[in-house]
Amino acid sequence: MEIIRFIEHRIHQFEDEIYDALNLDLGKKPFEVYETEIMPVLQEIKYLKKNIRKLKKPKRARTPIMHFYSKSWTIASPYGQVLVMAPWNYPFQLSMVPLISALAAGNTVVLKPSEMAEYTSKLLKKFFDHPEFDELVRVEEGGIETSNRLLDEKHDKIFFTGSTSVGKIVMEKASKHLTPVSLELGGKSPCIVDESADLKLAAQRIVWGKGVNAGQTCVAPDYVFVHESVKDEFVGYVNEEIVIQWSYGDMARIVNQKHSDRLNGYLDRIPSSNDLYMNLEIVVDPSWETDLMREEIFGPILPIISYRTLDEVIERIHNPLALYLFTKNKETENLILNSCSFGGACVNDVLIHFANQYLPFGGIGDSGMGSYHGKAGFDCFTHTKSVMKKSFLFDIQVRYAPYRDKIKILKRFAK
């Protein structure tokens, strides 16, 4: 754990440089940098410092009675060398959290930061340029060529955060070496607001969740289902919250012109040249056949869609990374949580489950495979070895040939 404590020290040492790098890459202000990039890393460190001995301790397991005079247990064993491929949207946090979990589990790490967050990438290279990290962490900067080269190499585990399309490439390349992978992807994470919800508070929380990192968040609320009887009232509250929350210049910007063009294309408008800052725009009842509703938005556009029955909603939800439900109705809560498949969920809020180290975080299907954070992060980077130890004091002869009619004895143990 000394290396984890040293990382904690380095984070405080580099704090001002982290603010600067994230501002240059994404226009993030210090509050949002600390809230979404630094604090989650420090929370992960805090959890591991408190729990690492317990996590690493061999775990006793039960032994069937037919194997009496035996003991069973499991041992958490590091994979070896781990490749961590980080995205551009949270380039510090999503590099450091899996890296810290991998190191705490006893692995070495090759870190590939995103070239699209070039200042944070350079910062991470500098951060780990220290003798304490020799033989433990290697940072590989570069673009697609670097990623392809690293994926062609043999690793003992690959951890990738990014898009579903690139995740498929990572998995295909990993299969050549039979390398296990964890894929933290994205998708269209829905919100559901029923007629019983506190509409004003729901609007406030959803607008906040869409505003974090200018909507460039894998678990951002992608679109909102709202019951038709309260749609107009809810849209009014959303518009009020946009004015309140987006009027002070606190929001991040779109990462680059390509993504700005993509987002403005959803709105059928031409973006201002070199202006990467966007206000949150709502689109009411768009067609499901538009690109806006087929693709992950990953930006400050919020479709709001009215519904009549929850069956309509359930039919549309397919393995999102996150699901958000606003309701005071327990029956509705149970129906949605038990009927829909999703990676993680919040009831009456958004995003906050991601910040809970005691909950595993990960997707399902197109939104990913595997999970991490806290204990799940330690488990992600370890193989569980099973051990059974037999005493020499006693032996059951029934298992040895000749078998003859011994099957009768064997069947007794199966009952």
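# A guided tour of the predicted model

Select Lys126 and Glu17: their side chains meet in a salt bridge, with 3.0 Å from N to O. This pair links distant parts of the chain, since Lys126 belongs to helix α5 (residues 118-127) and Glu17 to helix α2 (residues 15-26), 109 residues apart. Lys126 counts as partly exposed at 45% relative accessibility, and Glu17 is partly exposed as well, with a relative accessible area of 32%. The model on display is a predicted one.

**The whole chain**

Zoom out before the next stop. The secondary structure of the chain comprises 15 helices and 17 strands. Its C-alpha atoms fill a box of roughly 85 × 55 × 40 Å along the principal axes. Of the 415 residues, 50% count as buried. The chain exposes about 20700 Å², and carbon and sulfur atoms supply 53% of that area. Among contacts between residues at least 6 apart in sequence, 71% join residues at least 24 apart.

**Further salt bridges**

The count for the model comes to 20 salt bridges. Select Lys330 and Glu333 next; their side chains meet in one of these, at 3.2 Å from N to O. Both residues lie in helix α13 (residues 330-339), and because they are three residues apart there, about one helical turn separates them. The two ends of the bridge can be coloured by accessibility: Lys330 counts as exposed at 52%, whereas Glu333 counts as buried at 18%.

Salt bridges with shared partners also join Arg138, Glu140, Arg149 and Glu153 into one network. Within that group, select Glu140 and Arg138, whose side chains meet at 2.9 Å, N to O. Glu140 counts as buried at 15% relative accessibility, while Arg138 is partly exposed, with a relative accessible area of 35%.

**A buried lysine without a salt bridge**

Which side chain of opposite charge is nearest to Lys210, and how far away is it? Select Lys210 in helix α8 (residues 199-211). The nearest such side chain is that of Asp222, 4.9 Å away. Because a salt bridge requires a side-chain nitrogen within 4 Å of a carboxyl oxygen, the pair does not qualify, and Lys210 is buried yet has no salt bridge.

Now display the surroundings of Lys210. Leaving aside residues up to four places away in sequence, Lys210 touches Gly215, Pro221, Asp222, Trp246, Leu280, Ile297, Gly299, Ile301 and Leu302.

Helix α8 has a further point of reference in Val207. Draw a C-alpha to C-alpha distance from Val207 to Glu240: the two are 9.9 Å apart in space and 33 residues apart in sequence. Glu240 lies in helix α9 (residues 231-245) and is partly exposed, with a relative accessible area of 42%.

**An enclosed strand**

Select strand β12 (residues 322-326). Five of its five residues are buried, so the strand is largely enclosed by the rest of the structure. In a regular strand, side chains alternate between the two faces of the sheet. Both faces of β12 are covered: Ala322, Tyr324 and Phe326 are buried on one side, and Leu323 and Leu325 are buried on the other.

Add the partner strands to the view. Strand β8 (residues 190-193) pairs with β12 in the parallel sense over three bridges. To find the register of this pairing, select Val193, which stands opposite Phe326 in β12. Strand β13 (residues 344-347) also pairs with β12 in the parallel sense, over four bridges. Here Leu323 stands opposite Ala345 in β13.

**A nonpolar patch on the surface**

For the final stop, switch to a surface representation and select Ile65, Met66, Phe68, Tyr69, Leu393, Phe394, Ile407, Ile409, Leu410 and Phe413. These residues form a nonpolar patch on the surface, with about 1000 Å² of accessible area together.

Is Ile65, one member of this patch, buried or exposed? Ile65 counts as exposed, at 67% relative accessibility. Its place is in the loop between β1 (59-61) and β2 (70-78).

Key
Residues are numbered from 1 along each chain as its sequence is written. This is a predicted model: local features need pLDDT of at least 70, side-chain atom pairs count only at pLDDT 80 or more; totals for chains, interfaces and linings use all residues. Side-chain values use heavy atoms; hydrogens and water are left out. Helices (H or I, at least four residues) and strands (E, at least two) are DSSP runs, numbered from the N terminus. Buried means under 20% relative accessible area, exposed over 50%, partly exposed in between (1.4 Å probe, protein chains only). Lys and Arg count as positive and Asp and Glu as negative; His and the chain ends are not counted. Contact means heavy atoms within 4.5 Å. Patches are made of residues with over 30% relative accessible area and no salt bridge: like charges are joined within 9 Å, nonpolar side chains (Val, Leu, Ile, Met, Phe, Trp, Tyr) within 5 Å. Accessible areas come from the Shrake-Rupley method with a 1.4 Å probe; for residues, only the protein chains shown count as cover. Two strands pair if DSSP finds at least two bridges between them.
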